[in-house]
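Colleague: I'm new to reading these models, and the vocabulary trips me up. Can we go through some of the terms together?

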Amino acid sequence: MQADADFAPGARVRVRALMPPGHIRTPAYLRGHVGEVERVLGPFGNPEKLAYMLPADKQRLYRVRFRLADLWPDADAPTDTIDAEIYAHWLEPA
Amino acid sequence: MPHDHHDHSHEGMSPSGHPYRADQDGPLSYWQNMEIAVRELLIEKGVVTPEQVAAQIEAMDARTPANGAAVVARAWTDPAFRARLLEDGSAASREMGFDVGPMKLIAVENTEDVHNVIVCTLCSCYPRNLLGLPPDWYKSRAYRSRTVREPRKVLSEFGLDLPDDVTVRVHDSTADMRYIVVPARPEGTEGMDEATLATLVTRDSMIGTGVARLPNS
């Protein structure tokens, strides 16, 4: 995966549509979807390494806000939102 | 007259003639065995004592939603604290003696236009320092999967029907953050002191599956 990207609040980002094995904290239902950076957090140790007691790189963590309608086409309230924390290496500009 | 006939067995019956309910203690699971083995080894090797293990369990059990309710009531009565809580939840709750440990706390506030609800779709992340142990339903597959798919329907099953002009914000605790909802302060509570206000703040209102109690309800 490519190096840590840097996004400001409000930036449109896409969650990478990858399905690697291992301890992944990026929910599958968000992969491939576009949202907006709500705030920037971290850096935190990469849990994909920490879970196996490997030396962990520090990753920026983003709270990304998704519209319900963008995730579920049949959403009953399209403007409701889901915020989730996504590590930098899982995000690309959208 | 069933009790006149003694040609059938009363074995397995209670003295009052009813069958005993089966015990619920099945065999230990793999992970239960693992926990016992590791705990006994740690004690045998002198790493921890049984008293320390018991004390830690007691400390974990002692954390209750009253901690979170105290934080919310402070936020309702002290605008400067409210601002600090929304800015940095960990630091503000530490001020009140509730350390969040290595995790960070984000407080999200309900307003006239926004209702927040917390879920952890990947496991069962929960602000234990402020709310104690999570309820069983919080860890259920149904709550975890449905809250991000049809949040209004889930809330409605909790008795919370939100008007269309209120935006629902679901927060999925996927990583290092923990969340607490600051529910809206109920009407008719002007002049109440912080301790009385705290009694109106329910656990579910801080998860977002409920709202704060009205006074005298």
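Colleague: What is the radius of gyration of chain B, and what would a compact globule of 217 residues have?

Modeller: Before we start, remember that this is a predicted model. Chain B has a radius of gyration of 23 Å, whereas a compact globule of 217 residues would have one near 17 Å. The C-alpha trace of chain B spans about 75 × 55 × 35 Å along its principal axes. There's a domain split to keep in mind too: chain B is divided into domain 1 (30-61) and domain 2 (64-207), and the C-alpha centres of the two lie 31 Å apart.

Colleague: And chain A, why does its radius of gyration agree with that of a compact globule?

Modeller: Take its 94 residues: a compact globule would have a radius of gyration near 12 Å, and chain A has 13 Å, so the two agree. Its C-alpha atoms fill a box of roughly 45 × 25 × 20 Å.

Colleague: What makes up the secondary structure of each chain?

Modeller: Chain A has 2 helices and 5 strands, and along the sequence they read β-β-α-β-α-β-β. Chain B comes to 10 helices and 4 strands, in the order α-α-α-α-α-β-β-α-α-α-β-β-α-α.

Colleague: Why is Ile24(A) called partly exposed?

Modeller: Count its neighbours. Ile24(A) has 18 other C-beta atoms within 10 Å. Buried takes 20 or more and exposed means 12 or fewer, so a count in between is called partly exposed. Ile24(A) sits in the loop between strand E1 (12-15) and E2 of chain A. As for distances, Ile24(A) and Pro73(A) are 49 residues apart in sequence and 25 Å apart in space, C-alpha to C-alpha.

Colleague: Why is strand E4 of chain B described as largely enclosed?

Modeller: That strand covers residues 177-182, and 6 of its 6 residues are buried, so it is largely enclosed by the rest of the structure. You can check both faces: Met177(B), Tyr179(B) and Val181(B) are buried on one side, and Arg178(B), Ile180(B) and Val182(B) are buried on the other. Strand E2 of chain B (residues 114-119) is mostly covered, with 5 of its 6 residues buried.

Colleague: How many of the residues are buried over each whole chain?

Modeller: In chain B, 32% of the 217 residues count as buried. In chain A, buried residues make up 29% of the 94.

Colleague: How do you know that E1(B) and E4(B) are paired?

Modeller: Look at the bridges. Strand E1 of chain B (residues 104-109) and E4(B) have 6 bridges in the parallel sense. Pairing takes at least two bridges, so these strands count as a pair. One of the partnerships links Lys104(B) to Met177(B) in E4(B). E2(B) and E3(B) also pair in the parallel sense over 6 bridges, and there Val119(B) has Asp172(B) in E3(B) as its bridge partner.

Colleague: Which strand of chain B pairs with E4(A)?

Modeller: Strand E3 of chain B (residues 167-172) does, in the parallel sense over 4 bridges. Within that pairing, Ile82(A) has Val170(B) as its partner in E3(B).

Colleague: What else makes up the side of chain A that touches chain B?

Modeller: Altogether, 18 residues of chain A are in contact with 17 residues of chain B. On the chain A side, strand E2 (34-45) and strand E4 (81-87) are the elements that give two or more residues. E4(A) gives the most, with 6 residues. By class, that side has 11 nonpolar, 2 polar and 5 charged residues.

Colleague: Last one. Which residues touch the most other members of the largest nonpolar core?

Modeller: That core has 57 residues, and the ones touching the most other members are Ile86(A), Val72(B), Ala73(B), Ile180(B) and Val201(B). Helix H3 of chain B (residues 65-77) gives the most to the core, with 7 residues. For a feel of one member's surroundings, leave out residues up to four places away in sequence: Val201(B) then touches Ala69(B), Val72(B), Ala73(B), Pro183(B), Met206(B) and Ala212(B).

Note on methods
Residues numbered from 1 in each chain as written. Chains lettered and ligands numbered in written order. Predicted model: local features only at pLDDT ≥ 70, side-chain atom pairs only at ≥ 80, totals over all residues. Contact = placed C-beta atoms within 7 Å. Nonpolar A, V, L, I, M, F, W, Y, C, P; charged D, E, K, R; others polar. Core = buried A, V, L, I, M, F, W, Y, C linked by C-beta atoms within 7 Å. Domains from an automatic or database assignment. Rg over C-alpha atoms; globule rule 2.2 N^0.38 Å.
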